[in-house]
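Below is a short briefing on the packing, the main pocket and two sheets of one protein model. Please keep the structure open while reading.

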Amino acid sequence: MLAAVLTAAFSASAAEPSGYYDSCKGKSGAQLLKALEGVISSHTNVGYSGLWELYKTADVDANGKIWDMYSTKRWNPGKEQCGNYSSVGDCYNREHSLPKSWFNDAAPMYSDGFHIYPTDGKVNGQRSNYPYGECAGGTTLSASGGVKALGRLGASTFPGYSGTVFEPDDEYKGDFARSYFYMAACYNSRISSWNSDMLAGNAFPVFTDWAKNLLMKWHQEDPVSDKERARNEAVYDEQHNRNPFIDHPDLADHIWGSQSSAGWGSTVTVKDPAFTSPVAGTTVDFGTVAVGRKASVTINVRGTDFTQAVSVSASGTGFSVTPASLTAAAVNGGTSVSVALTPAAPGSCRGTLTLSSGKATVSVTLTGEAVAGLTALQPANVTQTSFTACWLHDASSASASYKLNVMHDGSLLAGYPKDVKATDEAYNVTGLEPSTTYTYYLTDGATRTNTITAVTRGETPELYLEPGNDLVFSTSPGVASAPITVFVDAYNVDGDITVSVSSPFEVSLDKKSWASTVTLGEDDGQLYLRLNGQTPGVYHTALRAQAEGCYNDDLEAEGVIESQEPVKESFEKDANFGYQGVRCQGDAARWDFSGAGVFGDSREVRTGHQGVRFNASEGGSVTMSEPFAGGVAEVTYHTRQWDEGAARVVLEYSLDGGASWTEAASAVPGKEWTATTARINAPGAVSLRLIKTEGARVGLDDIEITPMQAKVEIPEAVSGWDATAYGEAIVINNCGLMRSLAVYDLDGRCLWRATVPEGTTVIPMVRGHYVVVSGDESRRVVVR
């Protein structure tokens, strides 16, 4: 039913415009990728916050719920967005399938809906910024409240890469591959500077060999779905560009595949058949197999453009495969074969699986280890507190049970040895300690097996950032915004934590030293974030927190650096007057004149009908009679010679009502009008004055005063006292008189209350989150 609904929705919407990809026809490889950039790179940026609205049309199922590709949950649009989370199924957030740290949070990639999906927050956190890949035996997060996590994290088992990867669910692998192809095309002129183990650092082929092979495999094995087609249309409606690899999946083959030397869309090309799965050179290991027993492995087979049957064979002693032949249609659509190992004698087993049809051939190496008699095997299902002990039973033995011995530091665990059923071949060992080494073996009368080592998993390190306020900033060019506190919560983390942001955001531990990265020691529980840049614009950043074994970039900040419209003073409001000292009402302010006046001669008028002329004496001035409220970011004034001869006009400002003045700029007028600009960035009430300090008569006109965007004073710490964490304690620093303080946990329980004297008070506390309260003031403290 869902597929029918999505198909109907897609059919009713507008498909690609006529001729949309005409400029790409006849091209292949790098030229085709560059041509696609010309078609789709220009698009509307919906904005990072706009993605929430986009998801309401682009990522909903037939019931109007948000479709999640990282879990089985279907979310209520706009009602279950992350904040904080602790389990799978808590909330959904915005997942950059191509992690934003790879392109340093730059726009417009940061908010491009074609690669940013709504996903479960907890699974998103597990994925972190690891590459996509395949990891047989990787870890999938535990289900919670009936919601299952999709995908797993572990060491890559895909040929060509051995690092940590996140493997998405099979149903969505093609979706993500085509998102990556889109990014390679849309941002082809930029992608060479991005940084990732999946990227080659060039404009073509863009991807490293292993990543290209992986993405092409996923692209072939998981074809375009109705979900993708409907999403392509919804994003097109908002961004006004398309994903070409959803419209025309064969484009990928003409860029990275077997047709990369054939022009796309120009002629009908007879394609050679090719296998996309299994991957050539892959090794399938059967593990340990008992002599005389049969072990089987299913291997997926898929290819493209097959017209003839595919023959299937397995070589090597003890190996076999069924069926021996596959139809072309089955291979093109995806099928599988079953490979078996039945060893006749102990020892290493090695063979080859071969599939071939015409020019297409692929081979897979088969390995295994045959053993005779009772044998202990490597543990399975290893957790922090348990593992499954495994063995192969001896079919020739009459014993119905064995003794399982589990040891630590040379001693048997309490309750061991245990009687285990021989044919079960597995027993779950529980009640263990994290990060601990155990050994086990089995006995059958006088027969003892080999000894196996099992190491339980360590406690999972977790790292979270929590803002004290919404991370939305507003300021003016060259003016630092007021900082916002960000709390750092770490669990099971050893060593320092680094937090980095993208320019023009800055972070600090003390509100004195600011940089793009800070390092938090074990006693640091918070940092400060601000926006500080020269160029107007809208900016965003992820706060990237990293420690050994964990990474978190869920927390986002947004900000705008905006120049206010300047207030213009042209001295047109009052009638002109001579050099006598008077007070004049100008267009922007009231001014006091001394040794200067307002006249209508062309030599002092730049715009309008009037301007200021300084007389020939030194010290003539034009001074604001009342301060300019709200702060001054920048002042521009225009001067020119009135007489022949050099002169100088100085701009000064005062923050104390004219008691003292600071020079901001100095202008030496020429024969033509010259603009002089001074960046003042002074908050509060600011007075301005212009003084002709030397020289002949001078014309002055068109003073432009740019107000401050916002109040920017940096707030001081809570007055009189502060609370911080140090080791396993809360440290109170009281700078004033006796003060009543209380410490609460996050459940509101009062854990400690006392009146503290001036100085330092140390309160021992176990690891956790606390709130220290004094009257109406409070401080949050994290003991790590």
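In this predicted model, F207 touches Y180, F181, A184, M198, L199, A200, K212, L215 and W256, leaving aside residues up to four places away in sequence. F207 and W256 are also among the residues with the most contacts inside the largest nonpolar core. The points below cover the cores, the largest pocket and two open sheets.

**Nonpolar cores**
- The largest nonpolar core holds 73 residues.
- Inside this core, the residues with the most contacts are L36, W194, F207, F245 and W256.
- Helix α5, which spans residues 173–186, gives the largest share of this core, 9 residues.
- Another core lies apart from it and has 32 residues. Among them are V612, V632, Y637 and V698.

**Largest pocket**
- The space in the largest pocket comes to about 1100 Å³.
- Its lining is made up of 34 residues, and those closest to the pocket centre are Q126, T139, L141, T460 and P461.
- Two or more lining residues come from each of these elements: α4 (121–127), β5 (152–155), β25 (462–467) and β34.

**Four-stranded sheet**
- The strand order in this open sheet of 4 strands is β30-β28-β33-β34, and the pairing is antiparallel.
- β30 (517–520) and β34 (550–552) are the edge strands, each pairing on one side only. The edge strand β34 is also one of the elements that give two or more residues to the lining of the largest pocket.
- On average, neighbouring strands of the sheet β30-β28-β33-β34 are turned by 15° against each other, with direction ignored.
- Within the sheet, β28 (residues 497–500) and β33 (residues 544–547) run antiparallel and are joined by 3 bridges.
- T498 has Q546 in β33 as its bridge partner.

**Three-stranded sheet**
- A further open sheet is formed by 3 strands in the order β26-β35-β32, and its pairing is mixed.
- Its edge strands, β26 (472–475) and β32 (537–542), each pair on one side only.
- Neighbouring strands of the sheet β26-β35-β32 are turned against each other by 15° on average, direction ignored.
- β32 pairs with β35 (residues 556–561) in the antiparallel sense, over 6 bridges.
- The bridge partner of T541 is A557, in β35.

Conventions:
Residues numbered from 1 in each chain as written. Predicted model: local features only at pLDDT ≥ 70, side-chain atom pairs only at ≥ 80, totals over all residues. Heavy atoms only, no water. Pairing = 2+ DSSP bridges. Axes fitted to C-alpha atoms, helices over the stretch in contact; angles between N-to-C directions. Core = buried A, V, L, I, M, F, W, Y, C linked by side-chain atoms within 4.5 Å. Buried < 20%, exposed > 50% of the residue type's maximum accessible area, 1.4 Å probe, protein only. Contact = heavy atoms within 4.5 Å. 1 Å grid on protein atoms, 1.4 Å probe; cavity = no way out; pocket = protein on both sides within 12 Å on 5 of 7 lines; lining within 4 Å. Points joined across faces, edges and corners; volume = space filled by probe spheres on them.
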